[in-house]
Amino acid sequence: MRLIDSHCHIDLEPFADDRREVLVEAKRQSVSDIIVPAVTAARWRDLQVLTSSEPAEPSDQPLLHAAYGLHPVFTPEHHPDDLIELERFLQTADVVAVGECGLDFFIPDYDSETQMRYFTAQLDLAVQYQLPVIIHARKALDLVLRELRKRPGLRGVIHSFSGSLQQAEQLIDLGFNLGFGGPVTYTRALKLRMLVAELPLSALLIETDAPDQPDASHHGERNQPAWLPEIASCIAGLRGITVESVAEATSENAKLLFNLS
């Protein structure tokens, strides 16, 4: 069985002391690949080193794949020159996507105009370099949809999707995938559980978002990619299919989206 974690911040500080051990355990749990989206320009160089230092298969660790972007929650840390540097990374680095980018209007009094400027610039770079985008969207899906419709042919994933069925269907019609992780395992997440049960399996990706958003059985703990099988198992149960079917479909979806071998 092959599982692909489509969104994991294994490069961040919470994994500094035991990153290798975490990755080895992930591989033991059938996680073959991990997409690692950067959140600020300050992380890009370290992420490039981390992903380029991974040995070729066979390996006792999953393969790591870099995405470079500017996350909306960290907008105060971004600088306009970061967009110039981002384009340089897209030209020269081994990259599978632009992101994590997006819009976050959940935080009160956040600078929506600046967020939008960075977001649309990153969408335009993704179009220019024919790369998918990894999008973070909280309280902003309608605006995200508006910008995506302006860029037909752009593909990507809405990470940790939490919108409505109608929004999900509109995104799928645009060629986007939807990422689901730990939140779907909570029994009170009725809307999310309905979505993963009803949406086309061909549109779904699974993710951990580690170190954040652990599943219900690890509530309050540091999340890690080795727990991805629990998300796959939950989705399988909600859909009434085998976990192998979920693994096969979501891995194929990730391979196609991110152009993985």
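**Strand 4 and its surroundings**

Author: Let's start with a pair: Ala-97 in strand 4 has Ala-67 standing opposite it. One caution early on: this is a predicted model, where local features need pLDDT of at least 70, side-chain atom pairs count only at pLDDT 80 or more, and totals for chains, interfaces and linings use all residues. Residues are numbered from 1 along each chain as its sequence is written, and side-chain values use heavy atoms, with hydrogens and water left out.

Reader: What makes strand 3 and strand 4 a pair?

Author: Two strands pair if DSSP finds at least two bridges between them. Strand 3 (residues 63–68) is joined to strand 4 by two bridges, and they run parallel, so the pair meets that rule. Tyr-68 has Val-98 of strand 4 as its bridge partner. The strands themselves are DSSP runs of E with at least two residues, helices are runs of H or I with at least four, and both are numbered from the N terminus.

Reader: And on the other side, how do you know that strand 4 pairs with strand 5?

Author: By the bridges again: five of them join strand 4 to strand 5, which also run parallel. One example is Cys-101, with Ile-135 of strand 5 opposite.

Reader: What makes strand 1 and strand 8 edge strands?

Author: The open sheet has eight strands in the order 1-2-3-4-5-6-7-8, paired in parallel. Strand 1 (3–5) and strand 8 (204–206) each pair on one side only, and that makes them the edges. On average, neighbouring strands here are turned by 30 degrees against each other, direction ignored.

Reader: How do you know that helix 4 packs on the sheet?

Author: Helix 4 touches strand 4 and strand 5, a contact being heavy atoms within 4.5 Å. Its direction makes about 155 degrees with that of strand 4. Such angles run from 0 to 180 degrees between N-to-C directions, with axes fitted to C-alpha atoms, for helices over the stretch in contact.

Reader: Why is strand 4 called largely enclosed?

Author: Buried means under 20% relative accessible area, exposed means over 50%, and partly exposed is in between (1.4 Å probe, protein chains only). Eight of the eight residues of strand 4 are buried, so the rest of the structure largely encloses it.

Reader: What class does Tyr-110 get, and why?

Author: Tyr-110 has 23% relative accessibility, so it counts as partly exposed. Its place is in the loop between strand 4 and helix 4 (112–128). Leaving aside neighbours within four places in sequence, Tyr-110 has contacts that include Pro-72, Phe-74, Asp-104 and Gln-115.

Reader: And Gln-130, what makes its class, and what is unusual about its phi?

Author: Gln-130 reaches 74%, so it counts as exposed. This residue is in the loop between helix 4 and strand 5, and has a positive phi of about 50 degrees although it is not a glycine. Gln-213 also has a positive phi, near 50 degrees, but at 26% it counts as partly exposed.

Reader: What makes the largest pocket a pocket, and the largest cavity a cavity?

Author: On a 1 Å grid over the protein atoms alone, a cavity is a set of points where a 1.4 Å probe fits but cannot get out, while a pocket is an open set with protein on both sides within 12 Å along at least five of seven lines. Lining residues have an atom within 4 Å of a point. Points are joined across faces, edges and corners, and volume is the space filled by probe spheres set on them. The largest pocket holds about 380 Å³. Of its 23 lining residues, His-71, Glu-100, His-136, His-159 and Asp-209 are closest to the centre. Glu-100 is in strand 4, and the peptide bond from Gly-99 to Glu-100 is cis, with omega near 20 degrees.

Reader: How does the lining of the largest pocket divide by class?

Author: Into eight nonpolar, nine polar and six charged residues. Nonpolar covers Ala, Val, Leu, Ile, Met, Phe, Trp, Tyr, Cys and Pro, charged covers Asp, Glu, Lys and Arg, and the others, Gly among them, are polar. Strand 5 gives the largest share of that lining, three residues. The largest cavity has about 30 Å³ of space, and its lining has five nonpolar, three polar and no charged residues.
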